[in-house]
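Visitor: I would like a close look at a single part of this protein, with its surroundings put in context. Please take one strand and work outward from there.

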Amino acid sequence: MPRGYGHIQEKISTVNYTKTLHNGYSVYFDYLERFFELTNRYDTKIFIYDFPWPEAYSDNSNLKEAIIFYNDLIKKVVDKFPNVYFLENNNLFLSHENFIDPLHVNNLGAEIISRQLSYELNKR
């Protein structure tokens, strides 16, 4: 994905997000369950957070489908382990002013995420 503030402001409705990474393309999905087994063995809590996207992406139904698809895959694995928590994101799409580029929040975005995460972590 291109980086830079100008890129965030564009409407990215034509980007096609695939739902095939779990089929051997992502080491993350290959080792997710093994990682949770290991951390569970040592009674370590793991928190998975649904990271936000710039508002410009909120109209992309393909992205929303991909997010739901992968979140469901992750939740199926998470549900097997009592020390692993999937934290829902109440602010999935943030204003572009909260990002440096489409995949990285700036200080303002980090503050929003930190507030929400601290609230969620305090509940556990």
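Guide: In this predicted model, strand 1 (residues 46-49) and strand 3 pair in the parallel sense, with four bridges between them. One bridge can be named by residue: Tyr-49 has Leu-87 of strand 3 as its partner.

Strand 3 covers residues 84-87, and its side chains alternate in direction. Val-84 and Phe-86 point one way, while Tyr-85 and Leu-87 point the other way. All four of these residues are buried. Leu-87, the bridge partner of Tyr-49, is thus placed among buried residues on both faces of strand 3.

For the setting, the protein contains four helices and six strands. Their order along the sequence is α-α-β-β-α-β-β-β-β-α. Of the 124 residues, 37% are buried. Among contacts with a separation of 6 or more, 80% are between residues 24 or more positions apart. The exposed surface comes to about 7800 Å², and carbon and sulfur atoms supply 53% of that area.

A loop elsewhere in the chain gives a second local view. Ser-58 lies in the loop between strand 2 (53-54) and helix 3 (61-78). The side chain of Ser-58 reaches the backbone oxygen of Glu-55 at 2.8 Å. Leaving aside residues up to four places away in sequence, Ser-58 touches Lys-64 and Phe-93. Ser-58 and Leu-92 are 34 residues apart in sequence, and their C-alpha atoms are 8.7 Å apart in space.

Terms used
Residues numbered from 1 in each chain as written. Predicted model: local features only at pLDDT ≥ 70, side-chain atom pairs only at ≥ 80, totals over all residues. Heavy atoms only, no water. Helix = DSSP H or I, 4+ residues; strand = E, 2+ residues; numbered from the N terminus. Contact = heavy atoms within 4.5 Å. Polar contact = N/O pair within 3.5 Å; in protein donor to acceptor, adjacent residues only side chain to side chain. Buried < 20%, exposed > 50% of the residue type's maximum accessible area, 1.4 Å probe, protein only. Areas by Shrake-Rupley, 256 points an atom, 1.4 Å probe, with all protein chains shown as cover. Pairing = 2+ DSSP bridges.
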